[in-house]
Amino acid sequence: MTESVAIVGAGLIGRAWAMIFARAGWDVRLFDSAEGVAEAALPLCAEGLRTLSANGLCPDPEGAAGRIRSAGSLAAALDGVDFVQENGPERLDVKRTLFAELDAHAPRDAVIASSSSAIRCSLFTEDLPGRARCLIGHPVNPPHLIPLVEISGAPWTDPAALARARAVYEAIGQVPITVLKEIEGFILNRLQGALLAEAFRLASEGYVTPQDLDKTVADGLGLRWSFMGPFETIELNAPGGIADYCARYTGFYKNLAADPAPPSVYEAPATEAILAKWQPPDDLPARMNRRDTRLAALRAHKASQKD
């Protein structure tokens, strides 16, 4: 029997989720509270699936598009579904109202996941009768191209619901990770925030131009981190692995941690200093081609180090 999902919210993220589930063979009910939005999303999803197919990422775009249909009401979208993926605005009051409706109308055995980017699940599910089946399933934009999904429950979320969500995301081709304890921003945005704060400081204080800082990530850290994470990186960067790396280099990192970038790096005059020197990139296609070549060589190098 084909599984079904309700995608609640038909903006960029909702449309991406619709394509992901449909590509994996699920029946998709797409709903948006704004009149006409869900219907207008259908041709956009079909176009997106054709683009995925042209790049080898969807074997049957027409069949997948045929599995997505708009729902005229929230109740119709939720009727009999196996899974719910909510994509409403990133506002706590909206999440509370919307999850109360989802919990009231979704089948009792359906997991209800929110695409929230930073709001913790416990802040909008505590008073719900079905709070044990509610969780965060935070994707990375654009989800149909970047597969990571962060799964985060509240203290009362049933471990079976977390396991079910992880199994679903894996089955539809995403790469789920589990946030073991609730924390604002989850994992990816906290890592991104740490890097972004230091980037703002270095550029605003005149240590580097914004363009050269972007090159440092895109042609340096980003290349390496695109296929292996920081722990795996330092494991391979010292003869004795992680323990050896820590013994060699943590003196510097301790000094850096003792002087973190302050919140003011996101305010004027720091932001004004960056904008005064910022130039939008104009060579993205060429850089992407170079990246693909380098990534293939880097993967081969990584494999040789492990042999």
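**Notebook: strand β6 and its surroundings**

I started at P139, which stands opposite V149 in β7. The model is predicted, and I kept that in mind throughout.

**Entry 1: β6 and its cover.** I looked up strand β6, residues 134-139. How many of its residues are buried? I found 6 of 6, and I noted the strand as mostly covered. Next I checked which way the residues point. C134, I136 and H138 go one way from β6. L135, G137 and P139 go the other way. Both sets are buried. I recalled the general rule: in a regular strand, side chains alternate between the two faces of the sheet.

**Entry 2: partners of β6.** Strands of a sheet pair through backbone hydrogen bonds, in either a parallel or an antiparallel sense. Which sense applies to β5 and β6? They run parallel, and 3 bridges join them. Strand β5 covers residues 111-114. I picked out one pair here: S114 has I136 of β6 as its bridge partner. I then turned to β7, residues 148-153. Here I counted 5 bridges to β6, and the two strands run antiparallel.

**Entry 3: S114.** I stayed with S114, which is found in strand β5. Is S114 buried or exposed? Its relative accessibility is 0%, so I logged S114 as buried. I listed its contacts, leaving out residues up to four places away in sequence. In β6, S114 touches L135, I136, G137 and H138. The other contacts are Q85, E86, K95, F99 and F124.

**Entry 4: the whole sheet.** I traced the strand order as β3-β2-β1-β4-β5-β6-β7-β8. This is an open sheet of 8 strands with mixed pairing. Which strands are at the edges? I found β3 (68-70) and β8 (175-179), each paired on one side only. The twist averages 25 degrees from one strand to the next. I also checked β7 against β8: they pair in the parallel sense over 5 bridges. Within that pairing, E150 has I177 of β8 as its bridge partner.

**Entry 5: a helix on the sheet.** I looked at helix α5, residues 92-105, which packs on the sheet. The helix touches β1 (4-8), β4 (83-86), β5 and β6. Its direction makes about 165 degrees with that of β5.

**Entry 6: a surface patch.** Last, I went to the surface. Y249, F252, Y253 and L256 form a nonpolar patch there. Together they have about 400 Å² of accessible area. I checked Y253 on its own. Y253 lies in helix α11, residues 241-257. With a relative accessible area of 39%, Y253 is partly exposed.

How values were computed: Residues are numbered from 1 along each chain as its sequence is written. This is a predicted model: local features need pLDDT of at least 70, side-chain atom pairs count only at pLDDT 80 or more; totals for chains, interfaces and linings use all residues. Side-chain values use heavy atoms; hydrogens and water are left out. Patches are made of residues with over 30% relative accessible area and no salt bridge: like charges are joined within 9 Å, nonpolar side chains (Val, Leu, Ile, Met, Phe, Trp, Tyr) within 5 Å. Accessible areas come from the Shrake-Rupley method with a 1.4 Å probe; for residues, only the protein chains shown count as cover. A salt bridge is a side-chain nitrogen of Lys or Arg within 4 Å of a carboxyl oxygen of Asp or Glu. Helices (H or I, at least four residues) and strands (E, at least two) are DSSP runs, numbered from the N terminus. Buried means under 20% relative accessible area, exposed over 50%, partly exposed in between (1.4 Å probe, protein chains only). Two strands pair if DSSP finds at least two bridges between them. Axes are lines fitted to C-alpha atoms, for helices over the stretch in contact, and angles run from 0 to 180 degrees between N-to-C directions. Contact means heavy atoms within 4.5 Å.
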